[in-house]
Amino acid sequence: MLLLGCIKEVSDYELVISLPNGLSGFVPVTQISDAYSKMLSKQVAQGELLEDLNSLPDLYSPGTLVRCIVTSVEKNADGRRSVKLSIDPKKVNKGLNASALALGMVLSGFVSSIEDHGYLIDIGVSGTHAFLPHQKAQNYIKTVLRGSDLKIGQNLNCVIVEVKNEGRVVRLSIDRSEVAASLATERQNWTLSNLLPGLVVKARVQKVAPLGIKLSFLSSFTGLVDFMHMDPEKSMNYSPDQVMKACILSIHPTSKVVRLTLRQAFLHPGGSPNQLSNARMGAVVEESTVKTFYKQFGAVFELDDGTLAFARLKHLSKNKKSFKPAAFKTGCKHKCRIIDYSLMDEMCIVSLKYQIIEAQFLQYQDIHTGDVVQGKVFALKSIGMQVKVTDGIKGLVPSMHLADVILKQPEKKYNRGDEVKCRVLECNPTGKKLILTLKKSLIQSKLPVLSNYEDAKPGLVTHGFVVCARDFGCIVKFYNDVKGLVPKNELSSEPISCPDKVFHEGQVVKVMVLKCEPQQERLLLSFRLSGKPASEDKKECTPKKKQDVKYQIGEMVDVKVLKKKDNGLEVSILEDEGSVTAVIPTVHLSDFAANCKLLWHCLQEGDVLPRVMCLSDKGEHIILSRKSAVISAVQEEQVVRSFSEIQPGMLLTGYVRNVMPFGVFVEFPFGVTGLAPKVSMSDKFVTDTKDHFVVGQTVIAKVMSTDEEKQRVLLNLKVSECSSGDSAAESFALLNQYFKEMKEIRNLFRRRAESGMAQGLCELVPGKELQLVVQDVKEDGSVLFSGSCVTGLTVTATRYHLGGE
């Protein structure tokens, strides 16, 4: 189908075209012209920018009329139709051949090359050589292009001024007065197969009806003008046999129906329709008056400033049931909102829907960096997750921003249609680019949003996220791609030898600006929020007991060991300059009971422990945990925050609070507890509950049932029942974590070992082969060994590990 369209928006990769009746279409960069596509291919092949290849924004500007052909109509993932178009003259003018070309014809053409005496123009007619002499382009270059030359790929409205050799050679003009004065005539021998949109014709009224007018033109053709394309000044005054100018809007290829417009802006080729000022877009009009109601299409309104607006049927009410035709009699007044502007119809498009009138955002221009927005999960892709903010606004949450930690399987946490609360990291309305984050620490942050280098004043404290941790320090990013460096000496008050072991990609951090050079886009930052040099920090007295700051459960902090107590470690929280103290119970040093005791033994005063999670904050007593399984459950939102959220069948990560003869009490983050009775404790037969579990042990529990009245939760701890599916992967992950912690303990031992025995113990790693001597065989079949490499250590092997010896 051939259509006349008007360029609405221009980006590097496509043109957005306004089509008649409020529709829109898209012209991809590959559908401009042959010459332009060849240059694009050459640039891609060479891998460098070509000097004579201009971008689409250099060649096209909004408000220009173009002839297009529909190449496809596709359904988007959200069910809306997308119209793909081409303005390539080979497709638009495909109905024309060399012999059909005649004087005075107005055609679309593209500059395909620049010659000494003029320009070669591609008009898409095979076997025809079209030339535009310099003198026929001077007026256009001077008035329209303000002196700048024509460029390859530029679209032009050309009029044929000379035809030679039966159409094999034609001379063209783009002089505005010659183009504007041209009319399509019978002498040009137009046929239904080569008729073009954009032609201006003399037409005679055949019939006038409420929804439009039937016209005859070029002696044998008939066409229709619908109600949106009658001249608003004369819409009620048309009469049969009246003669007037009309412009062809579209030609349907199969039904051969021709539609025309009588609007003044289109009655001179090369003209341009009126545009709406950007300030009116999105405006709410308290009183708009119904001018005409069309029961199949919608209603035309007159707005408060006298301009006309159209509301489609589906935008007149919330749904079909609530629609009342009686409310749209001529003169009735309604509240509406301008949601778009149709250049081709020179009308605002409005909506009367309450949810649209009240909507916070209508277009990308309404959204600002740092805004918190609600959206729905639209699609999960390899680069991240698409979120639909409104019908016309979609954003991307990059993989790094799906949670406070990097999610390995985001599809387990998010489903299509889920409501999510995001914060805008970057918004570029011209490129329709919206980057969002789902990191709770950023969404809930009350600190200033840093979105440009000019605002980065020394002393400013704000939240950012780590994008890189290397030997030289950390690179931290903020909003609108603003980024800065935290040098190694500003990472902590304690020296950190390997930043990549302490900080990870995507980690949300609180930083202070030390120095900024906006012109060079250079930013120097510090994690040491006190702003004092390292030497002064050393003089600080022991931490005060004042607890001004309230910590959220799940918040990650870095701590320094102050004191070792019988039941755990007393630590100070580094983020608050060491002024807040907390406790890590021994059982919360690791997911593995054996490692808890070892870690307590190895750690000393002054040691820094990164990324410890707040488990509870009751004023004076802040309890922290290093259990990685519990931390990851909280960060991946696989937790319940209250009794009401618990559902039977849920798998929850928690820790043993108490072991009783009748069962085990398990506590989960956020304070919910449950009981696993003796029968549901283990796959083995349980005689004594203490043989199976110890206080503080990390467990995965399955919810069997809940009793709301008694606020009781019954759990199952059987391993066979508590796997989420891939038990092999889960077991390997646990084993991996265990060995990682053993390596950490071994390194601590190695650094601090004074005796040769302790050093020897550090050298014993799983998988190492030893030469040993049997010392004793016990009653239960186990064997005691000795050897020079294990002096002072007790070495045993159970009867199951004797390998048949």
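This passage describes a predicted model, from its confidence values and annotated spans to selected helices, strands and loops.

Local features are restricted to residues with pLDDT of at least 70 and side-chain atom pairs to pLDDT 80 or more, whereas totals for chains, interfaces and linings use all residues. Residues are numbered from 1 along each chain as its sequence is written, and side-chain values use heavy atoms, with hydrogens and water left out.

The mean pLDDT (the predictor's confidence in each residue, from 0 to 100) of the protein is 84, and 94% of the residues score at least 70. Helices (DSSP runs of H or I, at least four residues) and strands (runs of E, at least two) are numbered from the N terminus. Among these elements, strand 27 has the highest mean pLDDT, 93, and helix 9 (residues 534–539) the lowest, 40. Over residues 531–547 pLDDT stays under 50. For this stretch the model has 27 contacts (heavy atoms within 4.5 Å) beyond four places in sequence.

An unreviewed UniProt entry carries the annotation "domain: S1 motif" for several spans, among them residues 104–175 and 649–718. UniProt positions are given in the numbering used here, with feature names shortened, and annotations may be inferred rather than shown by experiment. Residues 104–175 are 8% helix and 47% strand, with end C-alpha atoms 13 Å apart. For residues 649–718 the content is 0% helix and 50% strand, and the end C-alpha atoms lie 13 Å apart.

Helix 1 comprises 13 residues, 34–46. The expected span of a helix is 1.5 Å times one less than its number of residues. For helix 1 this gives 18 Å, which agrees with the 18 Å between its end C-alpha atoms. Residues are termed buried under 20% relative accessible area, exposed over 50% and partly exposed in between (1.4 Å probe, protein chains only). The buried residues of helix 1 are Ala35, Tyr36, Ser37, Met39, Leu40 and Gln43. Their cover includes helix 2 (56–59) and strand 6 (106–114). Glycine 47, just after helix 1, has a positive phi of about 75°.

Positive phi values also occur at two aspartates. Aspartate 241, in the loop between strand 13 (221–226) and strand 14 (243–251), has a phi of about 75°. Its relative accessible area is 53%, so aspartate 241 is exposed. Aspartate 481 has a phi near 65° and belongs to the loop between strand 27 (473–477) and strand 28 (483–487). With a relative accessible area of 35%, aspartate 481 is partly exposed.

Strands 41, 42 and 43 form an open sheet in the order 41-42-43, with antiparallel pairing. Two strands count as paired if DSSP finds at least two bridges between them. Strand 41 (773–777) and strand 43 (795–797) are the edge strands, each pairing on one side only. From one strand to the next the twist averages 35°, based on axes that are lines fitted to C-alpha atoms, for helices over the stretch in contact, with angles from 0 to 180 degrees between N-to-C directions. Strand 41 is joined to strand 42 (residues 783–786) by four bridges. Within strand 42, phenylalanine 785 is the bridge partner of valine 774, and serine 786 is that of valine 773. The hairpin of strand 41 and strand 42 has five residues between the strands, and its glycine 781 takes a positive phi near 95°. Strand 41 lies largely in the open, because zero of its five residues are buried.
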